Amino acid sequence: MVDVLRTHRQLDRHVSARASLPSQQIFQRDWKIYRKFIDNNYLFHREAYACLRSVLAREMSGKSFSFLDIACGDAGASIDALRGAGIVHYEGIDLSRAALDIADANLSALGCPFVLKEGDFAEVLSQREEPVDFVWIGLSLHHLRTPEKRSVMRAVRSIIGENGRFLIYENTSPDGENREGWLERWQAQRPFWTAFDAAEWDVTWNHVSAADFPETVSGWRSLAEEAGFERARELFVAPSDLFRLYSFE
């Protein structure tokens with residue numbers, strides 16, 4: 001699971017209103033906003049995680065597998081997708097200690113060993129060597145610029161082996177659309193996202209306009225090829241067409 005308002009400490013510099021708040025107050029405020037995204041399904045988390053569960057059921061059926069959850073947050077949606085599957089080891093990475101504490105309390109539901117790592121996922125992955133069968137990231141990779149995305153994807157490719165899977169659910173533009181066009185389409189959601197008050201909308205918009213860098217459809221496919229993946233499949237397009245889910249193999 002991802003907290004769409006919090007992924008890298010360096011991004012906080014772009015949101016000055018957050019800089020003066022104690023970290024726990026930031027977490028509590030952002031968690032409230034984040035839960036509104038989830039509870040109202042504004043970013044189509046339900047469909048994305050249903051797709052993840054479907055892939056696991058179809059491609060990992062009868063197999064034992066390890067699972068790496070990048071930017072896992074509280075791990076709640078991943079737990080629902082993984083429950084009853086053949087997972088034998090779970091690993092989560094996230095920058096927020098508070099979110100990881102919630103994950104730590106919840107992960108016993110999977111009935112398998114788990115480890116949680118606090119830190120910037122790009123840094124953690126650059127130092128990671130242990131193999132893993134299945135890697136998932138949702139609505140977090142887009143915070144990086146294109147070369148940094150490529151580095152993360154190469155790091156994932158190096159640890160999943162020949163039969164591993166890497167699934168991403170990320171900000172995506174149709175070919176021909178630039179970042180400004182994508183941001184305009186995000187901002188156009190405001191009349192429909194009625195759960196947010198004006199202050200909450202400002203928090204989300206300040207974050208997104210400063211820190212979200214979508215790739216085009218062709219861009220994601222090129223990054224996958226450059227990272228060493230042989231196949232890229234588009235599995236889901238959000239009804240808003242702001243996000244798409246890909247499987248890299």
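This is a short selection tour of a predicted model, from the whole chain down to single residues.

**Whole protein.** Start with the cartoon view: the protein has ten helices and eight strands. Colour by burial next; of its 249 residues, 56% are buried. With the surface switched on, the accessible area is about 10700 Å², and carbon and sulfur atoms account for 48% of that. For the contact map, take pairs at least 6 apart in sequence: 74% of these contacts join residues at least 24 apart.

**The loop between α2 and α3.** Select N41, which lies in the loop between α2 (23–39) and α3 (45–59). Is N41 buried or exposed? Its relative accessible area is 9%, under the 20% cut-off, so N41 counts as buried. Now show the side chains of N41 and E47; a polar contact of 3.0 Å joins them. Leaving out residues up to four places away in sequence, N41 touches R46 and E47.

**Helix α8.** Move to residues 179–187, which form helix α8. Which residues of this helix are buried? They are G181, W182, L183 and W186. Then select N178 and E180 at the start of α8: a side-chain oxygen of N178 comes to within 3.3 Å of the backbone nitrogen of E180.

**Helix α10.** Finish at residues 217–227, helix α10, and pick G219 within it. G219 has a relative accessibility of 16%, so it too is classed as buried. Add T172 to the selection and draw a C-alpha distance: G219 and T172 are 47 residues apart along the chain, and their C-alpha atoms are separated by 8.9 Å.

Technical notes
Residues are numbered from 1 along each chain as its sequence is written. This is a predicted model: local features need pLDDT of at least 70, side-chain atom pairs count only at pLDDT 80 or more; totals for chains, interfaces and linings use all residues. Side-chain values use heavy atoms; hydrogens and water are left out. Helices (H or I, at least four residues) and strands (E, at least two) are DSSP runs, numbered from the N terminus. Buried means under 20% relative accessible area, exposed over 50%, partly exposed in between (1.4 Å probe, protein chains only). Contact means heavy atoms within 4.5 Å. Accessible areas come from the Shrake-Rupley method with a 1.4 Å probe; for residues, only the protein chains shown count as cover. A polar contact is a pair of N or O atoms within 3.5 Å; within protein, one must be able to donate a hydrogen and the other to accept it, and residues adjacent in sequence count only if both atoms are side-chain atoms.
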